[in-house]
Each structure stands twice: as C-alpha cells, then as structure tokens.
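Subject: Structure handover

Hi,

Here is the structure I promised to pass on. Have a look at it first, then read my notes below with it open beside you.

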Amino acid sequence: PHACHGNFQKCPTRSYGVWEMVMNEFDPRELPGDSTEQVSGCVMLDSCTEIRTPDALYNVLTHNFIRHYEQNRAPMGLFMHAAWFNKSPEMLDALEFWIDEILATYNNVY
C-alpha cells in the first residue's frame with residue numbers, strides 16, 4: 001500500500017508484532033519559560049504534579065503541541081493511565097475538548 005524506498009527494495013510485507021514508541025517528556029509548564037530554566041519533565045500526563053485542573057491540562061497540552069508542531073515535528077504521544085479519568089472525569093472532558101479543538105484547527109494532524 002506504500003512506496004518502498006531504500007533498503008534495496010526489501011521492505012516489510014506484513015505487520016510487525018511489536019512496535020516501540022518513544023515517550024517524549026512533556027514540559028509541565030503552562031506557558032513557555034526561560035530556556036535556561038531547569039524543568040523536570042513528565043512522560044505520563046497524570047504524573048505531572050503541576051496539572052491539577054482541567055484548565056492546566058488544556059494549557060500544558062497546547063504549549064507542548066505548539067512546541068512539537070512548530071519546532072521539530074516529533075510525534076507527540078499522549079500517555080496516561082485510565083484510572084486518572086475514573087478519579088478525575090473532568091480531565092477526560094478537558095482532553096476530549098483539546099483534541100477536538102486541535103483537529104478542527106489543524107488539517108495535517110491526526
């Protein structure tokens with residue numbers, strides 16, 4: 001279904017059983033800060049202690065999306081535990097709102 005480039009035309013013919021994904025750290029700040037400031041990132045959204053409210057989640061996601069989209073275009077994975085949404089359903093509402101807004105605003109993100 002796709003063009004095969006490189007590898008002397010020895011491209012995969014079937015799907016892999018295991019895929020490895022890089023989990024890039026999120027910048028937990030809601031707004032860009034000083035580039036010399038030391039900030040401890042977090043990989044899982046629910047492990048960011050700075051995210052305590054739906055508004056903070058929205059702002060952190062937006063800040064990190066813009067950072068990924070406008071700089072190196074690295075894939076931005078969203079990793080979190082399902083139990084976080086059971087404990088804080090308002091966070092799920094904020095996440096769904098943010099996803100809908102990003103998909104409506106940018107026609108080249110998925």
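Let's begin with one residue: where in the chain is the place of Asp27? Asp27 sits in the segment before α1, the helix that runs over 54-72. Before going further, please keep in mind that this is a predicted model.

Is Asp27 buried or exposed? Its relative accessibility is 10%, and buried means under 20%, so Asp27 counts as buried. Setting aside residues up to four places away in sequence, Asp27 touches Val39, Val60, His63, Asn64 and Arg67. With one of these, His63, there is a polar contact: the side chains of Asp27 and His63 meet at 3.0 Å.

**The overall picture**

Now zoom out. The protein chain has three helices and zero strands, so if you read along the sequence you get the pattern α-α-α. Out of the 110 residues in the protein chain, 26% are buried. If you take the contacts between residues at least 6 apart in sequence, 57% of them join residues at least 24 apart.

**How α1 and α3 meet**

Two packed helices are described by the angle between their axes and the distance between the axes. For α1 and α3 (residues 89-105), the axes come within 9 Å and cross at roughly 35°. The crossing of α1 past α3 is right-handed.

Which residues in α1 and α3 meet? On the α1 side you'll find Pro54, Leu57, Tyr58, Leu61, Thr62 and Phe65. On the α3 side they meet Glu90, Met91, Ala94, Leu95, Phe97, Trp98, Glu101 and Ile102. Sorted by type, the residues of this contact are eleven nonpolar, one polar and two charged.

Tyr58 is a good one to click on here. Tyr58 is found in helix α1, and its relative accessibility is 22%. That value falls between the 20% limit for buried and the 50% limit for exposed, so Tyr58 counts as partly exposed. Not counting residues up to four places away in sequence, Tyr58 touches Phe97, Trp98 and Glu101. Try the backbone too: the C-alpha atoms of Tyr58 and Ala94 are separated by 6.3 Å, although the two are 36 residues apart along the chain.

**Rings**

How many aromatic pairs does the count come to? The count comes to six aromatic pairs. One of them is Trp84 with Phe85, a tilted pair with 5.4 Å centre to centre and 40° between the planes. Trp84 and Phe85 are both buried. There is also a cluster to look for: ring pairs link Phe65, Tyr69, Trp98 and Tyr106.

**The loop between α1 and α2**

Next, go to the loop between α1 and α2 (82-87), where Arg73 is found. Most residues other than glycine have a negative phi, and most peptide bonds are trans. Arg73 has a positive phi, near 60°, and is a residue other than glycine. A polar atom of the Arg73 side chain lies 2.8 Å from the backbone oxygen of Tyr69. Arg73 also touches His68 and Asn108, not counting residues up to four places away in sequence.

Pro75 has its place in that loop between α1 and α2 as well. Buried or exposed, what would you say for Pro75? Its relative accessible area is 65%, and the limit for exposed is over 50%, so Pro75 is exposed. Even so, Pro75 touches Asn24 and His68, again not counting residues up to four places away in sequence. The C-alpha atoms of Pro75 and Val109 are separated by 9.8 Å, with their positions 34 residues apart along the chain.

**Back before α1**

One last stop: Glu50, which lies in the segment before α1. The relative accessible area of Glu50 is 38%, between the 20% and 50% limits, so Glu50 is partly exposed. Leaving aside neighbours within four places in sequence, Glu50 is in contact with Pro28 and Ala56. The C-alpha atoms of Glu50 and Pro28 are separated by 6.3 Å, and the two are 22 residues apart along the chain.

That's the tour. Happy browsing!

Methods:
Residues are numbered from 1 along each chain as its sequence is written. This is a predicted model: local features need pLDDT of at least 70, side-chain atom pairs count only at pLDDT 80 or more; totals for chains, interfaces and linings use all residues. Side-chain values use heavy atoms; hydrogens and water are left out. Helices (H or I, at least four residues) and strands (E, at least two) are DSSP runs, numbered from the N terminus. Buried means under 20% relative accessible area, exposed over 50%, partly exposed in between (1.4 Å probe, protein chains only). A polar contact is a pair of N or O atoms within 3.5 Å; within protein, one must be able to donate a hydrogen and the other to accept it, and residues adjacent in sequence count only if both atoms are side-chain atoms. Contact means heavy atoms within 4.5 Å. Axes are lines fitted to C-alpha atoms, for helices over the stretch in contact, and angles run from 0 to 180 degrees between N-to-C directions. A crossing is left-handed if the near helix is turned anticlockwise from the far one by less than a right angle, and right-handed if clockwise. Ala, Val, Leu, Ile, Met, Phe, Trp, Tyr, Cys and Pro count as nonpolar, Asp, Glu, Lys and Arg as charged, and the others, Gly among them, as polar. Rings of Phe, Tyr and Trp (its six-membered ring) pair if their centres lie within 6.5 Å; planes under 30 degrees apart count as stacked, over 60 as edge-to-face and the rest as tilted.
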